[in-house]
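Me: I would like a close look at one part of this model, the run of hairpins, and then a walk outward to what else can be said about the chain. Could you take me through it in one go?

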Amino acid sequence: MLPHDQAGTVPEPRVPDPVSVLVVEDDATIRRAVQLALERYGYRVDVAADGLSGLETFRAGAYDLLILDVMLPELDGIGLCHRIREESLVPVLMMSARGDALDVVAGLEAGADDYVVKPVDTGVLVARIRALLRRVTFEPSQSPPPEAPGHVLVFGDLTVDTLGMEVHRAGKPVPLTPTELRLLLEFAAAPGSVLDRRRLLREVWDYGWEGDTRVVDLCVLRLRKKIGRGRIETVRGFGYKLVRT
């Protein structure tokens, strides 16, 4: 028999809260199309038409993911991403109309986790969103190397807690975005081993297809700034590796 509340009625099953997405896009047609498409997949979507209103909306709400157009009035998407990164580590997906290399690089350097080129297929957009959200709830499946006791990995002045999902450098916490943390955990699971960009795209960005390796290079660059430039070495022609000591 199902449990009853004090009034004798069967309690309603708890429905998980929908994922909340903020879309900042100045083109009304694209903005509406993205909103309707995501709502059909069960997302709760708010929208803004320019960078400044997008920043205000972001600050007034609680969002699981942001989708930012690069070319925005008032405050462009690059500037908006910079402002958001000063306040939050929320996953950010950039949209670029041209797929221009400078747009892509600037967006990723500003702290975006990934990007798509407009016009974007709905299935691709949702796949990228799901991949980003999986990084937020990521649980490492690999065991720590035998030389590191338990779940706390130590590399010089850097400590990585793979259970608590915390990173410290010289005893001070290091704020990492979900993508940066996932990337560091991938390196920490195989210290001293060279990881090529395609593997990192597959394991960190969850690309089941050929992706743009620039996202790897620029995320590595951001990660180096936070954990020490010499902690991750470039092995030319192959990829990157985490220095053990």
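Reply: Gladly; here is the run of hairpins, followed by a second sheet, two loops and the chain as a whole.

A word on the ground rules comes before the details. This is a predicted model, in which local features need pLDDT of at least 70 and side-chain atom pairs count only at pLDDT 80 or more, while totals for chains, interfaces and linings use all residues. Residues are numbered from 1 along each chain as its sequence is written, and side-chain values use heavy atoms, with hydrogens and water left out.

Let us start with strand 6 (residues 152–155) and strand 7 (residues 158–161), an antiparallel pair joined by 4 bridges. Strands here are DSSP runs of E with at least two residues, helices are runs of H or I with at least four, and both are numbered from the N terminus. Two strands pair if DSSP finds at least two bridges between them. Within this pair, V152 has D161 of strand 7 as its bridge partner. The hairpin has 2 residues between its strands, and G156 there takes a positive phi near 60°.

Strand 7 also pairs on with strand 8 (residues 166–169), again antiparallel and again through 4 bridges. L158 has R169 as its bridge partner in strand 8, and T159 stands opposite H168. This hairpin has 4 residues between the strands. M165 sits in that loop and is worth a pause. Its phi is near 55°, a positive value in a residue other than glycine. As a reminder, most residues other than glycine have a negative phi, and most peptide bonds are trans. M165 is partly exposed, because its relative accessible area is 24%; the cut-offs are under 20% for buried and over 50% for exposed, with partly exposed in between (1.4 Å probe, protein chains only).

The run continues from strand 8 to strand 9 (residues 172–173), an antiparallel pair with 2 bridges. H168, already met opposite T159, has P173 as its bridge partner in strand 9. The hairpin of strand 8 and strand 9 has 2 residues between the strands. A170, found in the loop there, has a positive phi of about 55° although it is not a glycine. With a relative accessibility of 58%, A170 counts as exposed.

Now for the second sheet. It is open, has 3 strands in the order 10-12-11, and its pairing is antiparallel. Strand 10 (195–196) and strand 11 (232–235) stand at the edges with a single partner strand each, so one side of each is left without a neighbour in the sheet. Helix 6 (residues 178–188) packs on this sheet and touches strand 10, strand 11 and strand 12, its direction making about 75° with that of strand 12. Contact means heavy atoms within 4.5 Å, and the axes behind such angles are lines fitted to C-alpha atoms, for helices over the stretch in contact, with angles from 0 to 180 degrees between N-to-C directions. Strand 10 is joined to strand 12 (residues 239–242) by 2 bridges, and L195 stands opposite Y240 in strand 12. Helix 8 (residues 214–227) lies across strand 11 and strand 12, running at about 145° to strand 11.

Two loops elsewhere deserve a visit. P119 lies in the loop between strand 5 (114–117) and helix 5 (122–136), and the peptide bond leading to P119 from K118 is cis, with omega near 0°. S88 belongs to the loop between helix 3 (77–85) and strand 4 (92–96). S88 counts as buried, at 18% relative accessibility. A polar atom of its side chain lies 3.0 Å from the backbone nitrogen of V90.

Finally, the chain as a whole. Its secondary structure comes to 8 helices and 12 strands, and 45% of its 245 residues count as buried. Among contacts with a separation of 6 or more, 59% are between residues 24 or more positions apart. The accessible surface, from the Shrake-Rupley method with a 1.4 Å probe and, for residues, only the protein chains shown as cover, comes to about 12,500 Å², of which 53% belongs to carbon and sulfur atoms. As for confidence, pLDDT (the predictor's confidence in each residue, from 0 to 100) averages 85 over the chain, and 85% of the residues score at least 70. Residues 1–16 are the stretch to read with that in mind: pLDDT stays under 50 there, and the model has 8 contacts for them beyond four places in sequence.

Conventions
Polar contact = N/O pair within 3.5 Å; in protein donor to acceptor, adjacent residues only side chain to side chain.
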